[in-house]
Amino acid sequence: YNYQVHQLFMSIHPDKVASAERVSLLQTLDRIKVIHYSGDDSAKPWRRILDETLKEYWPDRGRDSDFVKLFAEEFQGYWLWVKRDREWLESSKTMSSRSW
């Protein structure tokens, strides 16, 4: 399967969590053969190494959890279904960069 990371958070939408194929894939990680990073450059893992503004996150692997949090925050679904941040949701409705 081709797994698109941005779909990870959208698959935990309350209306989809019971039926989304991607949810079952997370329980059988060996079935995932390709991880697909589409979209904005800020939502790509190699940014940790290539982006000069993030140089404090690499090569120090002690910052892995900090980077994972920063990386997750690039996805709308993280704010909606993990953080459940109502203020973020309201502000995102008026920001064209959040693709509503």
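This passage describes the fold, surface, salt bridges and backbone features of the protein. The model is predicted.

The secondary structure comprises 6 helices and 2 strands. Starting at the N terminus, the order of elements is β-α-α-β-α-α-α-α. The C-alpha trace extends about 40 × 40 × 20 Å along its principal axes. The protein has 100 residues, and 27% of them count as buried. Sequence separation was also examined for the contacts. Of those between residues at least 6 apart in sequence, 41% link residues at least 24 apart.

The exposed surface of the protein amounts to about 7100 Å². Carbon and sulfur atoms account for 54% of that area. Charged side chains are balanced in number, with 16 positive and 16 negative. The centres of these two sets are 4 Å apart.

Strand β1 covers residues 2–4 and includes glutamine 4. Glutamine 4 is partly exposed, because its relative accessibility of 22% falls between the limits for buried and exposed. Its C-alpha atom lies 9.0 Å from that of arginine 22. Along the chain, glutamine 4 and arginine 22 are 18 residues apart.

The salt bridges were considered next. The structure contains 7 of them. Aspartate 64 takes part in a salt bridge with arginine 48, at 2.7 Å from N to O. Aspartate 64 belongs to helix α4 and arginine 48 to helix α3, so this pair ties together parts that are 16 residues apart in sequence. The two partners differ in exposure class. Arginine 48 is buried, with a relative accessible area of 9%. Aspartate 64 is partly exposed, at 23% relative accessibility.

Aspartate 64 also forms a salt bridge with arginine 61. Here the N to O distance is 3.0 Å. Arginine 61 has a relative accessible area of 52% and is exposed, because the exposed class begins over 50%. Aspartate 64 is thus bridged to arginine 48 and to arginine 61. The former is buried, whereas the latter is exposed.

A further salt bridge joins the side chains of aspartate 66 and arginine 63, with an N to O distance of 2.7 Å. Aspartate 66 is partly exposed, with 36% relative accessibility. Arginine 63 is partly exposed too, at 23%. Elsewhere, salt bridges with shared partners connect Arg47, Asp51 and Glu74 into one network.

Arginine 47, a member of that network, sits in helix α3. Its relative accessible area is 19%, and arginine 47 counts as buried because the cut-off for that class is under 20%. When neighbours within four places in sequence are set aside, arginine 47 contacts Asp41, Ser42, Leu54 and Glu74. Glu74 therefore appears both among these contacts and in the salt-bridge network, where bridges share partners.

A nonpolar patch was found on the surface. It consists of Trp46, Ile49, Leu50 and Trp58 and covers about 440 Å². Tryptophan 58 lies in the loop between α3 (47–50) and α4 (64–72). This residue is partly exposed, with a relative accessible area of 35%. That value qualifies tryptophan 58 on accessibility, because patch residues need over 30% relative accessible area.

Two backbone features stand out against the general pattern. Most residues other than glycine have a negative phi, and most peptide bonds are trans. The peptide bond from tryptophan 58 to proline 59 is cis, with omega near 10 degrees. Proline 59 is located in the loop between α3 and α4. The patch residue tryptophan 58 therefore also supplies one side of this cis bond, and its relative accessible area is 35%.

The second feature is at arginine 84. Its phi is positive, at about 50 degrees, although arginine 84 is not a glycine. Arginine 84 is placed in the loop between α5 (76–82) and α6 (86–92). This residue is exposed, with a relative accessible area of 56%.

Technical notes: Residues are numbered from 1 along each chain as its sequence is written. This is a predicted model: local features need pLDDT of at least 70, side-chain atom pairs count only at pLDDT 80 or more; totals for chains, interfaces and linings use all residues. Side-chain values use heavy atoms; hydrogens and water are left out. Patches are made of residues with over 30% relative accessible area and no salt bridge: like charges are joined within 9 Å, nonpolar side chains (Val, Leu, Ile, Met, Phe, Trp, Tyr) within 5 Å. Accessible areas come from the Shrake-Rupley method with a 1.4 Å probe; for residues, only the protein chains shown count as cover. A salt bridge is a side-chain nitrogen of Lys or Arg within 4 Å of a carboxyl oxygen of Asp or Glu. Helices (H or I, at least four residues) and strands (E, at least two) are DSSP runs, numbered from the N terminus. Buried means under 20% relative accessible area, exposed over 50%, partly exposed in between (1.4 Å probe, protein chains only). Contact means heavy atoms within 4.5 Å. Lys and Arg count as positive and Asp and Glu as negative; His and the chain ends are not counted. The place of a charge is taken as NZ of Lys, CZ of Arg, CG of Asp or CD of Glu.
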